[in-house]
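Here are my notes from going through this one, in no strict order of priority. Have the structure open while you read.

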Amino acid sequence: MSNTPDKLKKGIVFNIQKFSVHDGPGIRTIIFLKGCSLQCAWCSNPESQWLAKQLAYNPNKCLTEKACKHCRDVCPHQALSVGDDGKILWDASTCDQCLICADVCPTHALNVYGYEISVDDALKRVEEDEAFYSRSGGGVTLSGGEPLIQADFSLALLREARKRRIDTCIETCGSVPWEVLEQAGRYLNSVYYDIKSMDKTHHTKYVGASNELILDNLVKLKQTYPDLLVRVRTPVIPGFNDSKGAIGDIVDFVREMPNIEYELLAYHRMGSPKYGYLGWEYPLEGTENLSDKKFDELRRFADSRMKQNGETQRLKVVGE
Ligand code: SF4
Ligand code: SF4
């Protein structure tokens, strides 16, 4: 831990989104941090996975080399060439991420995901919408990626937000050292916590890491902070966990815990174009969206299973 005052600490974020109503109670400002401890095959924010700033290229915005070519003039690694349509071709394997081409691109066809920001500057953005928070019970949510990967910055931001009386929430994958999550719990009003599967092998295959730390951390979080509102969320992914067996196992794990909500999120492909911009392949290419009927069926199933012990006030399944 550094001696820098909390409000001067800096982190790398890739977006600050205002007026969100899906990422914590009320109307919120979401700060999306770079870096993640997992690599979910369906990730809709692939630009969050690297901790460092990173180049992205959207050919639809390129003016063509004939009209522009600023980027090719500055690239020190010949990572940019010209395609048959006159537009730039980016070779991600040759690129060393020096990022200078993005500085000269007039249309942001070449663009950088990630920028540095201080706790104070991030919270100034959040405070612009204070009036909406007080009316709706909202505040700030740290998301990602995994916001607790940048632990020093995120903890400083949560502490400073609480000092300023801003309601705090994080969206976490739970795959972080317990000591960090334990510290975060001291400054949080609520937590949105992903559990994707109870099957360790399946989890490792699709998510890139085992679920053991994630499940242990949730148990410890609820033992340490029983009054902290935790909403457990499961993205329902076709071919991975879109069955009553898989969802039922998760519900059985969480429903005895105090002050717990549960939510299913439907798989969508909205993040898939960003994989192309990063020079990556979309891991779930060919996977169709979940039908409304199947999603609804799983939600109703989760709801009735969640209420099997009768404590319907504290145990609820929420949805869009
Ligand atoms: S970021 Fe990559 S493509 Fe851009 S100038 Fe540097 S090496 Fe070339
Ligand atoms: S600088 Fe941007 S717009 Fe110009 S050629 Fe390069 S990618 Fe295209």
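**Notes on the domains and ligand shells**

1. Starting with the join between the domains: three residue pairs are in polar contact between domain 1 and domain 2, both partners at pLDDT 80 or more. The side of domain 1 that touches domain 2 is made up of four nonpolar, two polar and three charged residues. Salt bridges are another matter, with zero found across this interface. Keep in mind that this is a predicted model.

2. As for who is who, domain 1 comes in two pieces, 6–50 and 118–318, while domain 2 covers 54–113. Each of them puts nine residues into the contact. Their C-alpha centres sit 34 Å apart.

3. How much area do domain 1 and domain 2 bury between them? About 810 Å², with 59% of it on carbon and sulfur atoms. On the domain 1 side, W50, Y277 and L278 give up the most area to domain 2, and together they make up 63% of what that side buries. I'd zoom in on those three when you look at the interface.

4. Now the ligands. Around ligand 2 you'll find four cysteines, C62, C68, C71 and C105, along with L63, K69, I88, P106, T107, A109 and L110. By class, that shell splits into nine nonpolar residues, one polar and one charged.

5. Ligand 1 has 13 residues around it, and the closest are C75, C95, C98, L99 and C101. Its shell breaks down into eleven nonpolar, one polar and one charged.

Conventions. Residues are numbered from 1 along each chain as its sequence is written. Chains are lettered from A and ligands numbered from 1 in the order in which they are written. This is a predicted model: local features need pLDDT of at least 70, side-chain atom pairs count only at pLDDT 80 or more; totals for chains, interfaces and linings use all residues. Side-chain values use heavy atoms; hydrogens and water are left out. A residue is near a molecule or strand if one of its heavy atoms lies within 4 Å of it. Ala, Val, Leu, Ile, Met, Phe, Trp, Tyr, Cys and Pro count as nonpolar, Asp, Glu, Lys and Arg as charged, and the others, Gly among them, as polar. Domain bounds come from an automatic or database domain assignment. Contact means heavy atoms within 4.5 Å. Buried area is the accessible area (1.4 Å probe) that two parts lose on being put together, summed over both. A salt bridge is a side-chain nitrogen of Lys or Arg within 4 Å of a carboxyl oxygen of Asp or Glu. A polar contact is a pair of N or O atoms within 3.5 Å; within protein, one must be able to donate a hydrogen and the other to accept it, and residues adjacent in sequence count only if both atoms are side-chain atoms.
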